[in-house]
Amino acid sequence: MKVVVDTTKCKDHGQCVFAAPDVFQLDDDGRLVFDAEPDDTLRDDVEEAADVCPLQAISVEG
């Protein structure tokens with residue numbers, strides 16, 4: 001699985017952090033950081049994060 005975040009859309013709202021904290025985090029400056037190739041066991045959480053993103057900036061491939 002590959003996680004793609006469109007950084008031109010993402011405004012660091014952080015909803016993905018609540019849905020998939022093992023994949024998405026906000027750094028000390030409040031900017032989104034994420035694991036682009038998380039373990040497949042986290043797929044449900046990642047798909048939920050993509051669904052709750054208010055700007056639909058997250059996509060899941062593979």
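The following dialogue reads the salt bridges, the nonpolar core and one helix of a predicted model.

Me: How many salt bridges does the structure hold?

Reply: A salt bridge pairs a side-chain nitrogen of Lys or Arg with a carboxyl oxygen of Asp or Glu. The structure holds three such pairs. One of them joins the side chains of D12 and R31, with 3.2 Å from N to O.

Me: Which parts of the chain does the pair of D12 and R31 tie together?

Reply: The general step is to locate each partner among the helices and strands. D12 lies in the loop between β1 (2–5) and α1 (15–19), while R31 lies in the loop between β2 (24–26) and β3 (32–34), so the salt bridge links parts that are 19 residues apart in sequence.

Me: Are D12 and R31 buried or exposed?

Reply: A residue is called buried when its relative accessible area is under 20%, and exposed when it is over 50%. D12 is buried, at 17%. R31, at 49% relative accessibility, counts as partly exposed.

Me: Which residues are linked in a network of salt bridges?

Reply: The idea is to look for a residue that appears in several pairs. Here D40, R43 and E47 are linked in a network. The side chains of D40 and R43 meet at 3.8 Å, N to O, and those of E47 and R43 meet at 3.6 Å, N to O.

Me: How many residues apart are E47 and R43, and what does that imply within the helix?

Reply: Both belong to helix α2 (residues 43–52); because they are four residues apart, about one helical turn separates them. As for accessibility, D40 is partly exposed at 48%, R43 is partly exposed at 22%, and E47 is partly exposed with a relative accessible area of 33%.

Me: Which residues touch the most other members of the largest nonpolar core?

Reply: One reads a core by asking which buried nonpolar side chains join one another. The largest core has 18 residues, and those touching the most other members are V3, V5, C16, V23, F24, L32 and I58. The elements that contribute two or more residues to this core are β1, α1 and α2.

Me: What does L32 contact, leaving aside its neighbours within four places in sequence?

Reply: With those neighbours set aside, the contacts of L32 include V5, C10, C16, V17 and F24. D12 is also in contact with L32, and D12 is the residue that forms the salt bridge with R31.

Me: Where does V5 lie, and is V5 buried or exposed?

Reply: V5 lies in strand β1 and is buried, with a relative accessible area of 11%. Not counting residues up to four places away in sequence, V5 touches C10, F24, L32, F34, A57 and I58. The C-alpha atoms of V5 and R31 are separated by 12 Å, and these two residues are 26 apart along the chain.

Me: Which residues of α2 are buried, and which are exposed?

Reply: The approach is to view a helix down its axis and compare its sides. In α2, V46, A49 and A50 are buried. The buried residues fall within an arc of 100°, so they line one face of the helix. On the other side of α2, D44 and D51 are exposed.

Me: What do the buried residues of α2 pack against?

Reply: They pack against β1, α1, β2 and β4 (58–61).

Key: Residues are numbered from 1 along each chain as its sequence is written. This is a predicted model: local features need pLDDT of at least 70, side-chain atom pairs count only at pLDDT 80 or more; totals for chains, interfaces and linings use all residues. Side-chain values use heavy atoms; hydrogens and water are left out. A salt bridge is a side-chain nitrogen of Lys or Arg within 4 Å of a carboxyl oxygen of Asp or Glu. Buried means under 20% relative accessible area, exposed over 50%, partly exposed in between (1.4 Å probe, protein chains only). A nonpolar core is a set of buried Ala, Val, Leu, Ile, Met, Phe, Trp, Tyr and Cys residues joined through side-chain atoms within 4.5 Å. Contact means heavy atoms within 4.5 Å. The arc is that of the directions from the helix axis to the C-beta atoms.
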